[in-house]
Amino acid sequence: MPSDKELKRKLTELLSQVHLRSAWIGNVLRTNLTPPRPDATVCCLNVGSGEELLQVRKFIGDQARLYAVDIKSSPNLSLMCIGANAEFISADISYVADLTGHMSSVPDIVISRHPRIVVTVNKQGQPGEVDTSWFQPLSEWGQLVVGNGGQMLITTYTQVERDVLGLAMGKFGLNPEQGENDFAPSSLVRKFGPALAGPDKFTLVLR
């Protein structure tokens, strides 16, 4: 059985590799968000494998409180939370009041990467099947954060997802800034319908 020292070495090595591999996510954060105050509260919604957590921690600094929210955890997410000193909360993101209560404050920054808004597109690139269940919770988070002087960043793989979500948020009185970038490595870009799609390629920012 590996010693504690060996396990710690392997964990450090793994986290270093992930940090290098995900460096482009840091560019997405720095381009779209204003660095928060040192003692800020930051929340990452629907984190999945937690790929972004190490870059978020680097962006917000060591003193900020960082929370990662998803329905369930995974071995990889657990490691990312350890490396980023983030607290994992197992919950549906629609439980906005419960989550902010757990955090004891409204987050200064909320990040949501790749909510799967559009499930299918037709040959013309228009949305086919759309998952509308994201609209209300993300809009509620946006209203809450903006109302408290904070920021929210949502990223999508496709332009159509960004546009559909932005339109839906407008019905909640929100006016997100729409953006686009090419920070992701070309190896991660793929075809989706007639258009190219890439992680964090399209953005919505609220502040």
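The following exchange concerns the helix packing and the sheet of a predicted model.

Me: On what basis are residues numbered and side-chain values computed in this predicted model?
Reply: Residues are numbered from 1 along each chain as its sequence is written, and side-chain values use heavy atoms, with hydrogens and water left out. In this predicted model local features need pLDDT of at least 70, side-chain atom pairs count only at pLDDT 80 or more, and totals for chains, interfaces and linings use all residues.

Me: What radius of gyration does the protein chain have?
Reply: The radius of gyration is taken over C-alpha atoms, and the globule rule is 2.2 Å times the number of residues to the power 0.38. With 207 residues, a compact globule would be near 17 Å. The value for the protein chain agrees with this: 17 Å.

Me: How many helices and strands are there in the protein chain?
Reply: Helices (H or I, at least four residues) and strands (E, at least two) are DSSP runs, numbered from the N terminus. On that basis the protein chain has 7 helices and 9 strands.

Me: Which strands stand at the edges of the open sheet?
Reply: Two strands pair if DSSP finds at least two bridges between them. The open sheet has 7 strands in the order β3-β2-β1-β4-β5-β9-β6, with mixed pairing. Each edge strand has a single partner strand, so one side of each is left without a neighbour in the sheet; these strands are β3 (87–90) and β6 (177–180).

Me: Which residue in β9 stands opposite Glu-180?
Reply: β6 and strand β9 (residues 202–206) run antiparallel and are joined by 4 bridges. Opposite Glu-180 in this arrangement stands Phe-202.

Me: Is α2 oblique or roughly parallel to α3?
Reply: Axes are lines fitted to C-alpha atoms, for helices over the stretch in contact, and angles run from 0 to 180 degrees between N-to-C directions. Angles under 35 degrees count as roughly parallel, over 145 as roughly antiparallel, 65 to 115 as roughly perpendicular and the rest as oblique. The axes of helix α2 (residues 23–32) and helix α3 (residues 53–60) come within 9 Å and cross at roughly 45°. The relation of α2 to α3 is therefore oblique.

Me: Which residues in α3 meet α2?
Reply: Contact means heavy atoms within 4.5 Å. From α2, the participants are Ala-23, Ile-25, Gly-26, Leu-29 and Arg-30. Their counterparts in α3 are Gln-55, Val-56 and Phe-59.

Me: Which residues in α4 meet α3?
Reply: The axes of α3 and helix α4 (residues 75–84) come within 8 Å and cross at roughly 15°, and the two helices are therefore roughly parallel to each other. From α3, Leu-53, Leu-54 and Arg-57 take part. In α4 they meet Leu-77, Met-80, Cys-81, Gly-83 and Ala-84.

Me: Which residues of α6 make the contact with α5?
Reply: The axes of helix α5 (residues 96–103) and helix α6 (residues 135–147) come within 11 Å and cross at roughly 45°. That makes α5 oblique to α6. On the α5 side, the contact is made by Val-96, Leu-99, Thr-100 and Met-103; on the α6 side, by Pro-137, Glu-140, Trp-141 and Leu-144.
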